[in-house]
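Reader: I would like to understand how the words used for a protein model are justified by its values. Could we go through some of them one by one?

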Amino acid sequence: MWEQNALDFEKNWYIMCFSAKKGNKHITKALPDYPNYIAGSENDYELVKEIKNLLNEAELVCWQNGDQFDGKKINTRLIYWGLGPPSPYKTIDTKKIAKRYFAFNSNSLDNLGEFLKIGRKVKHEGYELWQKCMQGDLKAWKRMKHYNKQDTLLLEKLYLKLRPFIKDHWPVIRDKVACPKCASENIQRRQNT
């Protein structure tokens, strides 16, 4: 038997980087993008504040495993900094969609991207990349941002590929009803007789 509970930890985690797409605009930020950054800094206040601002503007957030992971991590940093919760938003979690409607060998973003021939995650040196970023290596930060941006691009492709299979998906775009399959607003109501 293995003991799986952490006995202790050296320090609390923090958010180093995020990537999002709002409309046609990509936003990818890392700690060095903020004015008060010092190499090795763990202060993610400005970054977390920017994430909250994006969530405040969102009606719908699409993410991969975000209901289980990202959303909880964001909330943890929001409460840590005393920023309070963001405005309510709905979520589409592509990992949940993959599990609900399909039987893929793996529901990871990289494996789904490869299987569906829509792209792959960026390969990098693993945990060493995070360590280099934590030490203030600006080239490592650049790779981290590239890695995050590719995840966002791949997520969008995955969502568009999965969307036609979602039975209860009826997106509302700017207060207009749209087709759940293609997001077109050119729709018509039909009555069954």
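Reader: Why is Asp110 called buried?

Author: The relative accessible area of Asp110 is 13%, and buried means under 20% relative accessible area, with exposed being over 50% and partly exposed lying in between (1.4 Å probe, protein chains only). Because 13% is under 20%, Asp110 counts as buried. Please keep in mind that this is a predicted model, in which local features need pLDDT of at least 70 and side-chain atom pairs count only at pLDDT 80 or more, while totals for chains, interfaces and linings use all residues. Residues are numbered from 1 along each chain as its sequence is written, and side-chain values use heavy atoms, with hydrogens and water left out.

Reader: What makes the contact between the side chains of Arg120 and Asp110 a salt bridge?

Author: A salt bridge is a side-chain nitrogen of Lys or Arg within 4 Å of a carboxyl oxygen of Asp or Glu. For Arg120 and Asp110 the N to O distance is 2.7 Å, so the pair meets that definition. The two residues are 10 positions apart, with Asp110 in helix α4 (109-115) and Arg120 in the loop between α4 and α5 (127-134); helices here are DSSP runs of H or I with at least four residues, strands are runs of E with at least two, and both are numbered from the N terminus.

Reader: How do you know that Asp110 also forms a salt bridge with Lys123?

Author: The closest N and O atoms of Asp110 and Lys123 are 3.8 Å apart, which is within 4 Å, and therefore this pair qualifies too. Lys123 lies in the loop between α4 and α5, 13 residues from Asp110. Asp110, Glu114, Arg120 and Lys123 are linked in a network of salt bridges.

Reader: Is Arg120 buried, exposed or partly exposed, and which of these words fits Lys123?

Author: Arg120 has a relative accessible area of 33%, so it falls in between the two cut-offs and is partly exposed. Lys123 has 65%, and because this is over 50%, Lys123 is exposed.

Reader: What makes Asp151 and Lys121 a salt bridge, and where do they lie?

Author: Their closest N and O atoms are 2.7 Å apart, so the pair satisfies the definition. Asp151 is in helix α6 (residues 138-162), whereas Lys121 is in the loop between α4 and α5, 30 residues apart. Asp151, at 16% relative accessibility, counts as buried, and Lys121, at 22%, counts as partly exposed.

Reader: How many salt bridges are found in the whole structure?

Author: A search of the whole structure finds 14.
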